[in-house]
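These are my notes from an afternoon of looking things up in one model. I wrote each entry as I went, beginning with a single loop residue and ending with the helix pairs.

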Amino acid sequence: MTAPAMETLPTVLDIEASGFGRGSYPIEIGLARADGSCCAFLIQPLDEWTHWDPKAELLHGISRERLFQEGYPVRQVARWLNDELAGLGKAYSDSWGYDNTWLSLLFHHAGMLPRFRLEALRILLTEPQQALWSQTKEAIIGDQPIQRHRAGDDARLLQLTYQHTRCAAEQGT
């Protein structure tokens, strides 16, 4: 019996934002690559990006001051995303509606076009995976040292949940 082929994981992108309402903007972008490695970048707010929801800050734990101190310029983050994702052509998100809006805002203000597409992660999921998703995700949160609501860790969490639900669905459990 031969060993199963190494599974290629989807590249997952996650975005943390200043809030969810009108005027919100991306503050951190994280990426979980197909090999399981992940990274994230804080984003310096532009002068016109003034919306700040204290409830969102309570979730992600990132202050606006920290963004100014440690964040990268919008154009640099957009360039990095294109460098990372142009060869793949796409990445996946579990919150496509929000993340695609914030990604479009980032690229618009960077004066660049994305060289990749963002697609909804759910299009990759079978019905058995969808049925196992929430329970599997909670189990992984309990087992892994994941800092919730941080873009890099959340992207990796989604990728691990995809991988575990796929394996479980294939085994019929």
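**Entry 1: a loop residue**

I began with His149, which is partly exposed, with a relative accessible area of 26%. The model is a predicted one, and I kept that in mind for every entry below. I then asked where His149 is placed, and found it in the loop between helix 5 (127–143) and helix 6 (151–171). When I looked up its backbone, I noted that phi of His149 is near 65°, a positive value in a residue other than glycine.

**Entry 2: the largest nonpolar core**

Which residues of the largest nonpolar core touch the most other members? I found that, of its 29 residues, these are Leu13, Ile29, Leu81, Leu103, Leu106 and Phe107. I next listed the elements that each supply at least two residues of this core, and they are strand 1 (12–17), strand 2 (26–32), strand 3 (38–42), helix 3 (74–85) and helix 4 (96–110). Helix 3 gives the most to this core, its share being six residues. I also noted a second, separate core of ten residues, with Leu9, Tyr92, Leu121 and Leu125 among them.

Since Leu13 had come up in the list of core members, I looked up its contacts, leaving aside neighbours within four places in sequence. Leu13 is in contact with Ile29, Gly30, Leu31, Leu81, Leu85, Ala91, Tyr92, Ser93, Asp99 and Leu118. I took three of these partners, Leu85, Tyr92 and Ser93, for entries of their own.

**Entry 3: Leu85**

I located Leu85 in helix 3, and at 1% relative accessibility I recorded Leu85 as buried, the cut-off for that being under 20%. Apart from neighbours within four places in sequence, I found Leu85 in contact with Thr11, Leu13, Leu31, Lys90, Ala91, Arg115 and Phe116. I also checked the C-alpha separation of Leu85 and Asp99, which are 14 residues apart in sequence and 15 Å apart in space.

**Entry 4: Tyr92 and Ser93**

Is Tyr92 buried or exposed? I found Tyr92 in strand 4 (residues 90–93), and its 9% relative accessibility counts as buried. Not counting residues up to four places away in sequence, Tyr92 touches Pro10, Thr11, Val12, Leu13, Leu118, Glu119, Ala120, Leu121, Ile123 and Leu124. For one of these partners, Leu121, I looked up the C-alpha separation from Tyr92, and it is 4.9 Å although the two residues are 29 residues apart along the chain.

Ser93 also lies in strand 4, and I recorded Ser93 as buried, with a relative accessible area of 1%. With residues up to four places away in sequence not counted, Ser93 touches Leu13, Asp99, Leu118, Glu119, Ala120 and Leu121.

**Entry 5: helix 3 against helix 4**

I turned to the packing of helix 3 and helix 4, whose axes are 8 Å apart at an angle of about 115°. The two helices are therefore roughly perpendicular to each other, and I noted that their crossing is left-handed. On the helix 3 side the contact is made by Val74, Arg75, Val77, Ala78, Leu81 and Asn82, and on the helix 4 side by Leu103, Leu106, Phe107, His109 and Ala110. Sorted by class, the residues of this contact are eight nonpolar, two polar and one charged.

**Entry 6: helix 5 against helix 6**

How far apart are the axes of helix 5 and helix 6, and at what angle do they pack? I read 8 Å for the axes and about 125° for the angle, which makes helix 5 oblique to helix 6. Helix 5 passes helix 6 in a right-handed crossing. From helix 5 I listed Pro128, Gln129, Leu132, Trp133, Thr136, Lys137, Ile140 and Ile141, and these meet Leu157, Leu158, Leu160, Thr161, Tyr162, His164, Thr165, Arg166, Ala168 and Ala169 in helix 6. By class I recorded eleven nonpolar, five polar and two charged residues for this contact.

**Entry 7: Cys167**

My last look was at Cys167, which is found in helix 6. Cys167 is partly exposed, with a relative accessible area of 34%. The C-alpha atoms of Cys167 and Phe68 are separated by 42 Å, and the two residues are 99 residues apart along the chain.

Terms used: Residues are numbered from 1 along each chain as its sequence is written. This is a predicted model: local features need pLDDT of at least 70, side-chain atom pairs count only at pLDDT 80 or more; totals for chains, interfaces and linings use all residues. Side-chain values use heavy atoms; hydrogens and water are left out. A nonpolar core is a set of buried Ala, Val, Leu, Ile, Met, Phe, Trp, Tyr and Cys residues joined through side-chain atoms within 4.5 Å. Buried means under 20% relative accessible area, exposed over 50%, partly exposed in between (1.4 Å probe, protein chains only). Helices (H or I, at least four residues) and strands (E, at least two) are DSSP runs, numbered from the N terminus. Contact means heavy atoms within 4.5 Å. Axes are lines fitted to C-alpha atoms, for helices over the stretch in contact, and angles run from 0 to 180 degrees between N-to-C directions. Angles under 35 degrees count as roughly parallel, over 145 as roughly antiparallel, 65 to 115 as roughly perpendicular and the rest as oblique. A crossing is left-handed if the near helix is turned anticlockwise from the far one by less than a right angle, and right-handed if clockwise. Ala, Val, Leu, Ile, Met, Phe, Trp, Tyr, Cys and Pro count as nonpolar, Asp, Glu, Lys and Arg as charged, and the others, Gly among them, as polar.
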